[in-house]
Amino acid sequence: MLFNIVGINLKKNKLSRHEAIRDIGLPKTVSIPLKKHIGHPAVAVVNEGDKVKIGMLLAKANNTISANVHASVAGRVSKIDEDYIHINTSKDEAEDYIDFSDELITEIPQDKEEILALIRDAGIVGMGGAGFPTDIKLSVPTGKEIKCLILNGIECEPYFTGDERLMLEKAEEIVIGARIINRLLGIQNAIIAVDEKKKKAFEILTSITKRYIGVNVKLLTNKYPQGAEKMLVEAVSGEEVPSGKLPMDMGYVVQNVGTVYAIYQAVMKKKPLYERVVTVSGDAVAKPKNYMVRIGTPVSFIAEKAKVDIKEVEELLIGGPMMGTDIDDLSTPVSKLDGGVLFLKKAKPETEESVCIRCNKCAQHCPIALQPFAIANSYKAGDKPNLYKLRALDCINCGICSYVCPAKIPLLDYIKQAKNEIR
Amino acid sequence: MLKKSTTPHMLSNQTTQSVMFDVVLALFPTLIVSVLFFGLKAVLVLVTSVTACLTFEYICNRFWLMKERNSTRDFSAVITALLLACSLPSNLPLIFVVFGAFVAIVIAKMSFGGLGKNIFNPALSGRVFLFLSFPVYMTSWPKPSFNNFFQQDVSTGATTLELIKYSDASTSATRLDNNDYLNEIPDYFDMITGYIAGSLGEVSAIALLLGLAYLLYRNVITWHIPFFYILTVFLTVYVVSLFSEEPLKYSAVTHVLSGGLLLGAIFMATDYVTSPMSEKGKIIFAIGCGLLTVLIRLTTVYSEGVSFAILIMNAFVPFIDRISVPRIYGTGGKK
């Protein structure tokens, strides 16, 4: 800590921390995204006018890096366009093969190929926001040896509480999910990383992991962006991920706890990924809560259920305030990647960029120890060689530099533009 | 009405203006002590300095740099003004204060392009200009006089460091016994409260340390520069004292508590614009300041070396920045 104070302590605003996950209900229509995940868009296997049931395959993974897409409601396909399959909802009716019982299943299938196929069929992608197809992330290329599975239970964005609620309410399912991945990877070493603000989740998980082999819990300091993959690997293992490499290259596989819960559901209950926990919060929401939301549910439906007066809202975010996207279209649907919808009364203040006063806060707090001010200056000067030297491409887009800058220089904007220029 | 913005969608409350204002607040204990001890004359020096600095800043910004944005609003010129005043004796003729303000703002700051661009600390540049141009006025120190706002019949005296310097046989031309000077050195209690001769803002250690605590609490500065600067001075003088038979002359505590060291280490050397950016660089810079300060105090004709030390180190900042770039995550090597 003598030389670096990486990360920052954000005001976390975890307003919905004590709200149990509840079903938000059925919207009249859903628009299910076909290309929100990383990789190739899924290809529709249904036609307009077809009747569908919950869990039915709507679009198939196209190419290796892609993900299946399933119906999240029962009803009739009204329209298929480039981005979405739109369904008009009728009465709730599910495919027969899905096990909806609450019974806990602990017997893990023996066959690795079978497990991987179940994960692939269920259309699971990284639910922490990355959206990378999970079956690909869990298929270790020959020659690479995996040492450890890290479960990401940090959830360091302000407001978000969905992962914390899952760890409180579905702790055992998550632990079994970790064991499923352990088997798939051929290891006996999973670590669930939880930050110090989630003491209760830590206690519950610790008591459960005592009964299972190969899963442990680790408490980490609370700071942003502790949940970023590179930060997490370092905090858990003490090793840094070399520039330009992946955690897998060093023997680590990182999975978000929400994704691990989805893996449990897919492998043990044959349930495809068609719903997820979404934190609905922000100062324009009277009672911030955690909802189980069907994929494709439009934000307008969420606003209605959370009793948000949309006229009061100045900024509507899908995702967190640090890295999320703001939208101005209420028909935007929730995807597999979205852990929260935030309704804020005040948008980010419009600020004027003033001159750099060399305070060093951007560099001091940068988790990668980059020099954001220098990258911005080199970008403005068109000095491409220097952008490589400053390792602009190593930036993880956490946004701390822009956040802390007293001169209100949009450093991340410059860095993103710089990255586009040299990528 | 839904608005759109780029990530991150929230910003910290800290602005250039708020950072600068925090520095002004951190100077408040020091300013209060200076007015209590040096009365009306201190007030006049402070007011003249602030008025002159703001006027020069406004004129340069508007008519020379042709900037639309009014740069006086960011409080940086106020800080320069207060720090300049803090490093002047209270009985300095006010016209000299205006000269100092001119050098500080027009020459040291605005001619380099204004805030963020200057190489040398503006307040120190102004002070050193006055010190070299008007040495007699700049070394005539009124003694503090509590409860005497109009400062009637105040005598002047030497600063602690001057007493030490006079006692030095090689530089002293007086017939007095060296020890007479050393015996006049105030006790630690007076040095800590500030009841000693000196410039406006350098006398009270406790007021300056209160300011330091506030700056650290508000995350305006990091601890590196003040800590390593003061530590270097303390250790260097202590090592020298081991080889000397004059304990009063080479008291490490006296050297830390007297002169402009605390004012310089807390408020001048930590100036963002003229100090290195990385923590490593800050430490190199602070140690350099400390060594130069002791070198000047102990070996030159000047009794005090803080201003020169910091200005000299200011010139090395681009170099220090280049050799102290932090190691980037995932690039190997030691942390």
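This short presentation covers the interface between chain A and chain B, the cysteines, and three local sites in chain A.

The structure is a predicted model: local features need pLDDT of at least 70 and side-chain atom pairs count only at pLDDT 80 or more, while totals for chains, interfaces and linings use all residues. Residues are numbered from 1 along each chain as its sequence is written, chains are lettered from A and ligands numbered from 1 in the order in which they are written, and side-chain values use heavy atoms, with hydrogens and water left out.

I begin with the interface. Contact, meaning heavy atoms within 4.5 Å, involves 46 residues of chain B and 63 residues of chain A. The two chains bury about 4,800 Å² between them, with 56% of it on carbon and sulfur atoms; buried area here is the accessible area (1.4 Å probe) that two parts lose on being put together, summed over both. Of the area that chain B buries against chain A, 19% is supplied by L2(B), M277(B) and Y329(B), more than by any other three residues.

Next, the polar side of this interface. Between chain B and chain A there are three salt bridges, each a side-chain nitrogen of Lys or Arg within 4 Å of a carboxyl oxygen of Asp or Glu. R358(A) and D321(B) form a salt bridge in which the closest N and O atoms are 2.9 Å apart. The chains also have 26 residue pairs in polar contact, both residues being at pLDDT 80 or more. A polar contact is a pair of N or O atoms within 3.5 Å; within protein, one must be able to donate a hydrogen and the other to accept it, and residues adjacent in sequence count only if both atoms are side-chain atoms.

Which helices of chain B each supply at least two residues of the side that touches chain A? They are α1 (16-64), α13 (279-299) and α14 (306-323). Helices (H or I, at least four residues) and strands (E, at least two) are DSSP runs, numbered from the N terminus. The largest share, four residues, comes from α13(B).

I turn to the cysteines. Why does a search of the whole structure find zero disulfides, a disulfide being a pair of cysteine sulfur atoms within 2.5 Å? For C356(A), the closest cysteine sulfur, in C359(A), is 6.7 Å away, too far for a bond. For C60(B), the closest is in C53(B), at 11 Å, again too far for a bond. C356(A) is partly exposed at 26% relative accessibility, whereas C60(B) is buried at 6%. The classes are buried under 20% relative accessible area, exposed over 50% and partly exposed in between (1.4 Å probe, protein chains only).

Finally, the local sites in chain A. In helix α6 (residues 229-237), the buried residues include K230(A), L232(A) and E234(A). Their cover includes the strands β9 (148-153), β10 (190-195), β11 (215-220) and β12 (252-256). Just after α6(A), G238(A) takes a positive phi of about 80°.

R165(A), in helix α3 (residues 162-169), is buried at 12% relative accessibility. Beyond its neighbours within four places in sequence, R165(A) contacts residues including R17(A), E19(A) and N290(A).

H37(A) lies in the loop between β2 (29-33) and β3 (43-44) and is buried, with a relative accessible area of 8%. Its side chain reaches the backbone oxygen of H40(A) at 2.9 Å and the backbone nitrogen of A67(A) at 3.5 Å.

Note on methods
A disulfide is a pair of cysteine sulfur atoms within 2.5 Å.
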